[in-house]
Structures are given as structure tokens and as C-alpha cells.
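Biologist: Before we discuss particular residues, please place the model on view. I shall then ask about its packing, its surface and its charged pairs in turn.

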Amino acid sequence: DSSYNHGSINERAAYRHTNNLKLNPNMKYFDLFKNLSDSLNIKVIYLATPKSKYFHLDLKKQGYDYFWHNVIDSLEMRKIKIWDYEKIENDTSLKWWPNLFRDYNHLSYDGAKQFTKIIKKRIRNSS
């Protein structure tokens, strides 16, 4: 909490990862990849990894949440499989601990191990 309250915006992940987003995202290279994987009959699962509550707070505070939602909406319109775990720490059915994240948008070692178990289980169940 204290690092969030005292960090400058230029040091925060939400700013660094979203400050170049545009209102209408350029999906040209995504579409090229999708066309290639479709033509090769490769099943792709796109994964939105967990982000901390501080990442989402900064995203909203800086007004980049709208741009990020446009990216997600653009992906969903393409009828692809997206597993969205960005707000996983809000899931009360999971047993998370205070040190889930190493920083604003990277899981700690233990958080990564727990998240890997979740993904492996979902892959096993979707086969």
C-alpha cells in the first residue's frame, strides 16, 4: 500500500504499459497471427494475466482503463478464446495471500505457482 501511495506515475506499471494505447487499437498484426494460426489449424488460447488492484486503480486514475477495454473488446469481437484472469485477486473463492504480487503487475513466485495450477487445471478440464 505504501509504495502505491508514494510512487510517481512514471514508475507505475499501468502508465508504462498503457500510455501508448490509442482509442481505436491497431489489430493488424494480431489479425495476421490469427489468420496464420487458423490456416494451420492451431488452437490458440489468449490469456490475460493477473494484475494487482493497484494496477487497476492506476489504470482508472490515469484514464487508460477505457483504452484497455477497447483492446479487450476488439479481441472479443474476433471470436477468439480469451481466459481473463486480470482481476483474479477479487475472486473470493480462491485462497490468495497478501504477497500474491511481486510488483504492480507481476505475480510473486508463490503467486505464479498457484496461477500455474489454475491454468493447468483449466486446460485439463477443457480438453
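Modeller: This is a predicted model. We may begin with L107, which, neighbours within four places in sequence left aside, is in contact with P50, L100, F101, R102, A112 and F115.

Biologist: Which residues make up the largest nonpolar core?

Modeller: L107 belongs to the largest nonpolar core, as do L100, F101 and F115. The 9 residues of this core are W83, Y85, I88, L100, F101, L107, F115, I118 and I119.

Biologist: Which helix gives the largest share of this core?

Modeller: The core includes F115, I118 and I119. The largest share, 3 residues, comes from residues 109–126, which form helix α6.

Biologist: How many residues are in the other core?

Modeller: Another core lies apart from the one just described, and among its members are M27, F30, V71 and I80. V71 is also one of the buried residues of α5. The number of residues in this other core is 6.

Biologist: What is the order of helices and strands along the sequence?

Modeller: The protein has 6 helices and 2 strands. Read along the sequence, they follow the pattern α-α-α-β-α-α-β-α.

Biologist: What percentage of contacts between residues at least 6 apart in sequence join residues at least 24 apart?

Modeller: One pair that links distant parts of the chain is R78 and D31, 47 residues apart. Among contacts in the protein between residues at least 6 apart in sequence, the share that joins residues at least 24 apart is 73%.

Biologist: How far apart are the end C-alpha atoms of helix α5?

Modeller: Helix α5 covers residues 65–76, which is 12 residues. At 1.5 Å a residue it should span 16 Å, and the model agrees with this expectation. The distance between its end C-alpha atoms is 16 Å.

Biologist: Which elements are included in what covers the buried residues of α5?

Modeller: The residues of α5 that are buried are N70, V71, I72, S74 and L75. Their cover includes one helix and one strand, namely α3 and β2 (81–84).

Biologist: Is H56 buried or exposed?

Modeller: H56 is located in helix α4, where Y54, F55, D58 and L59 are also buried. Residues up to four places away not counted, H56 touches K51, E86 and K87. Its relative accessible area is 16%, and because the limit for burial is under 20%, H56 is buried.

Biologist: Which residues form the nonpolar patch on the surface?

Modeller: One member, L40, lies in the loop between α3 and β1 (45–48) and is exposed, with a relative accessible area of 53%. Together the patch residues have about 290 Å² of accessible area. They are L36, L40 and I42.

Biologist: What is the phi of N41?

Modeller: N41 is found in the loop between α3 and β1, and its relative accessible area of 71% makes it exposed. Although N41 is not a glycine, its phi is positive, at about 60 degrees.

Biologist: Where is K79, which has a positive phi although it is not a glycine?

Modeller: The phi of K79 is about 50 degrees. K79 is exposed, at 75% relative accessible area. Its place is in the loop between α5 and β2.

Biologist: Which residue meets R78 in a salt bridge?

Modeller: Side chains of opposite charge can pair when their charged atoms come close. Here the N to O distance is 2.5 Å, and the pair links the loop between α5 and β2 with helix α3. R78 is partly exposed at 23% relative accessibility, and its partner is likewise partly exposed at 25%. That partner is D31.

Biologist: What separates K34 and D38 in helix α3?

Modeller: K34 and D38 form a salt bridge, with their closest N and O atoms 2.7 Å apart. K34 is buried at 17% relative accessible area, whereas D38 is partly exposed at 42%. Because they are 4 residues apart in helix α3, the separation is about one helical turn.

Biologist: How many salt bridges does a search of the whole structure find?

Modeller: Besides the pairs already discussed, the side chains of K113 and D110 meet in a salt bridge at 4.0 Å, N to O. Both residues lie in helix α6, 3 residues apart. The search of the whole structure gives a total of 3.

Terms used: Residues numbered from 1 in each chain as written. Predicted model: local features only at pLDDT ≥ 70, side-chain atom pairs only at ≥ 80, totals over all residues. Heavy atoms only, no water. Buried < 20%, exposed > 50% of the residue type's maximum accessible area, 1.4 Å probe, protein only. Expected span 1.5 Å × (residues − 1). Contact = heavy atoms within 4.5 Å. Patch = residues over 30% accessible without salt bridge, like charges linked within 9 Å, V, L, I, M, F, W, Y side chains within 5 Å. Areas by Shrake-Rupley, 256 points an atom, 1.4 Å probe, with all protein chains shown as cover. Core = buried A, V, L, I, M, F, W, Y, C linked by side-chain atoms within 4.5 Å.
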